[in-house]
Amino acid sequence: MLHRNRQRRPCRPFGYYFVTTNVSEEFSVLNGNEYGHLLEHVLFYSAGIHSVSVIAFKVNPDHVHLIAQIGQSGTIADYVASWKRQFSRQVNVLIQRRGSLGRDSNPDLVNFDKFRWQPSFHSHLITSKQDFDNHINYILKQQKHHGLEDNKFCFVDYGHVFKFK
């Protein structure tokens with residue numbers, strides 16, 4: 001197993017990773033339809049650039065859980081940095097055009113002028129079928145875990161799930 005980044009994250013070609021990352025200052029902005037759909041698009045777009053397969057994700061109001069399989073080259077850190085950067089840029093363009101992220105509907109966002117992710121993220125190299133299944137179930141149970149009304153912005157590629165060995 002190689003370490004190809006400064007965080008010394010394990011790097012395995014074709015490895016499966018569970019990733020969690022948070023919005024800076026824990027603002028609940030990802031639950032809006034516009035931002036949730038944008039993040040879904042950016043996750044898949046960046047995956048295409050980095051030869052990554054998106055297996056599952058759940059976009060919660062202030063954080064994201066993701067399972068992805070990296071390709072022969074590249075790292076999970078490269079992929080996560082790419083989609084976080086692209087999403088931040090696009091949201092900040094929207095903020096500049098509108099002047100806010102929706103301050104009228106969410107008073108917590110009054111002083112929120114720029115979208116940011118927390119600088120790092122948690123990643124876990126999935127090493128067994130049981131570990132994989134546990135993380136899929138964790139993603140599927142996020143709605144109940146966080147008391148969300150619906151399970152929007154939740155994706156599971158079941159074709160890939162049944163192929164994991």
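Here are three exercises with worked solutions on a predicted model.

Residues are numbered from 1 along each chain as its sequence is written. Local features need pLDDT of at least 70, side-chain atom pairs count only at pLDDT 80 or more, and totals for chains, interfaces and linings use all residues, while side-chain values use heavy atoms, with hydrogens and water left out.

**Exercise 1. Salt bridge**

Find how many salt bridges there are, and describe the partners.

Step 1. Apply the cut-off: a side-chain nitrogen of Lys or Arg within 4 Å of a carboxyl oxygen of Asp or Glu. The count is 1 salt bridge.

Step 2. Identify the pair. D133 bridges to K129, with the closest N and O atoms 3.0 Å apart.

Step 3. Place the pair in the fold. Helices (H or I, at least four residues) and strands (E, at least two) are DSSP runs, numbered from the N terminus. D133 and K129 are separated by about one helical turn because they sit 4 residues apart in helix α3 (residues 129-140).

Step 4. Check accessibility. Buried means under 20% relative accessible area, exposed over 50%, and partly exposed in between (1.4 Å probe, protein chains only). D133 is partly exposed at 27%. K129 is partly exposed at 33%.

**Exercise 2. Nonpolar core**

Work out which residues touch the most other members of the largest nonpolar core, and which elements supply it.

Step 1. Define the set: buried Ala, Val, Leu, Ile, Met, Phe, Trp, Tyr and Cys residues joined through side-chain atoms within 4.5 Å.

Step 2. Pick out the hubs. The core has 34 residues, and L30, L39, Y79, W83, F87, F115 and W117 touch the most other members.

Step 3. List the elements giving two or more residues: β3 (16-22), α1 (33-49), β4 (53-59), β5 (63-69) and α2 (76-98). Helix α2 gives the most, 9 residues.

Step 4. Zoom in on F87. Leaving out residues up to four places away in sequence, F87 contacts (heavy atoms within 4.5 Å) L30, Y35, L38, L39, V42, F115 and W117.

**Exercise 3. Strand β5**

Determine which strands pair with β5, and whether its residues are buried or exposed.

Step 1. Find the partners. Two strands pair if DSSP finds at least two bridges between them. β3 pairs antiparallel with β5 over 7 bridges. β4 pairs antiparallel with β5 over 6 bridges.

Step 2. Align the residues. N22 stands opposite H63. A56 stands opposite I67.

Step 3. Trace the link. A hairpin of 3 residues joins β4 to β5.

Step 4. Split the faces. H63, H65, I67 and Q69 point one way, and V64, L66 and A68 the other.

Step 5. Conclude. In β5, 7 of the 7 residues are buried, so the strand is largely enclosed by the rest of the structure.
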